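Reader: Hello! I'm new to this structure and would love a close look at a single part of it, with a friendly guide. Please pick one helix and show me how its surroundings are put together.

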Amino acid sequence: MSDPKTWFRHDRFGMFVHWGLYSLAARHEWVKNREQLTDAQYQQYFDRFSPDLYRPREWVWAARSAGMRYVVLTTKHHDGFCLWDTDLTDYKVTNTPYGRDLLEPFVDACRAEGLKVGFYHSLIDWHHPSFPIDGLHPQRDDEDAKAAPRDITKYRQYLHGQVRELLTRFGTIDYLFFDFSYAGRSHTWGGKGAGEWGAEELLAMVRELQPDILVNDRTGIPGDFVTPEQYQPAGPMTGPDGPITWEACQTLNGSWGYDRDNFDYKSPDLLVRMLIDGVAKDGNLLLNVGPTGRGLIDPVAQAGLEAIGDWMRLNERSIYGCGASEHPAPADCRYTQNGDRLYLHLFSWPFKHVHLPGLAGRVQYAQLLSDASEIRLLEPDPERAAENTQPGGQPAGTLTLELPVRRP
Ligand code: JFZ
């Protein structure tokens, strides 16, 4: 098989899905920690977990029509609740009123629609009795549980055992997102990292079970790609061995889990720009949705996805297979490039002309991607080259494009 990074860097755009017990609280996936909910309070969501409208085919359709090519679902978040019928804990979906595994229908739906399958898996676990309590841990109301010796080696076994289940029971898994290490962050957090997770051994097992899988970098040791979270890097990432494969994960409204009363959504325009900005910097975008406790993507999120899809239908050629350009883009613009095709993205529509430094004599033809209409090229006049370097003028070598005044 070819290098899995090839599909990943080509496809550029995926859907993140945060879904679990916290979707019933409907106020952020960290609700147990943020509100210091007791285990008994949180148990109410377990006792009522019954997503009667769970139809993963619909999620996958929404992803695919937005132009996303892979989907990443939370198999277990920090609360420890498992979305599959694991042998290693009772804290799992099959013991809720819903009573059935959620992962198999999900992977089947992705495959049926030709999308790559990704799993998110939390390293942090607020439920497991052997996970040593630290500053990120919500309170335990059970004094026995608090006092019990917490032996991380037991938790490590559990973690490895669950990852083994995930990578042996559901066929080919293309992508794995572990979350997250916080060793040395602060004393109060009581950091945990590669040592606690047994990261070397864990990744060796992952690669043995799924040789073509891509794994992220949050186990505390290097993986196949890095995961800037809720920010866009300043430019392409490079390391000693050349370009670093990266993927920004972004929310629609600042929350990963369904957050009912939060309407602070990014505009469709901003979402499209985040995607372009990433590709222009040689990276991917993993855009999150948090389905409701019944299993639906809420209408505002749905509308955002549809708006991206409308843009992608006309412009996907400037995303798939594209990466950074060696040419510096003008102000308020981004370039994406695929071979000798250069795509200019205008983040603010200029009046009539846009100047492209360094491109004089280097462009054969220009057109709007959305309607194939020709864009006229105004090459600099060689006899006026001196004039062109006047202050306020354009530097020599600048190509000018004549744009429609009204944005089509
Ligand atoms: C983590 C989770 O805590 C969060 O709920 C969500 O699942 C997100 C995708 O990942 O959040 C993080 C993880 C790492 C950092 C910041 C937030 N970090 O390294 O700065």
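Author: Welcome! A word on names first: helices (H or I, at least four residues) and strands (E, at least two) are DSSP runs, numbered from the N terminus. Please also keep in mind that this is a predicted model.

Let's start at helix α10, which spans residues 199–209. Four of its residues, A199, L202, L203 and V206, are buried. They sit on the same side of α10, because they cover an arc of only 95° around the axis. Residues three or four places apart in an α-helix point the same way, since there are 3.6 residues a turn. Turn to the other side of α10 and you find E201, A204 and E208, which are exposed.

What do the buried residues of α10 pack against? Their partners are two helices, α8 (152–168) and α9 (194–197), and two strands, β4 (175–179) and β5 (214–215).

Two of those partners lead us onward: the loop between β4 and α9 holds F180. A cis peptide bond joins F180 to D179, with omega about -15°. Most peptide bonds are trans. D179 and F180 are also both among the residues around the ligand, together with E29, W30, E229, C249 and W256. Sorted by class, this shell has 4 nonpolar and 3 charged residues, and no polar ones.

Now for two other loops with a backbone detail to look at. Most residues other than glycine have a negative phi. R12, in the loop between α1 (4–11) and β1 (13–17), has instead a positive phi near 70°. R12 counts as buried, because it has 25 C-beta neighbours inside 10 Å. A26 is not a glycine either, and its phi is positive too, at about 60°. You will find A26 in the loop between α2 (22–25) and α3 (31–34). With 19 other C-beta atoms within 10 Å, A26 is partly exposed.

Strand β1, which follows the loop of R12, covers residues 13–17, and V17 takes us to the largest nonpolar core. Of the 87 residues in that core, V17, A63, V71, V72 and L176 touch the most other members. Helix α11 (residues 268–280) gives the most to this core, contributing 6 residues. Leaving aside residues up to four places away in sequence, V17 touches W59, V71, V72, L73, T74, V289 and P291.

Technical notes
Residues numbered from 1 in each chain as written. Predicted model: local features only at pLDDT ≥ 70, side-chain atom pairs only at ≥ 80, totals over all residues. Buried ≥ 20, exposed ≤ 12 C-beta atoms within 10 Å, placed from the backbone. Arc of directions from axis to C-beta. Contact = placed C-beta atoms within 7 Å. Near = placed C-beta within 6 Å. Nonpolar A, V, L, I, M, F, W, Y, C, P; charged D, E, K, R; others polar. Core = buried A, V, L, I, M, F, W, Y, C linked by C-beta atoms within 7 Å.
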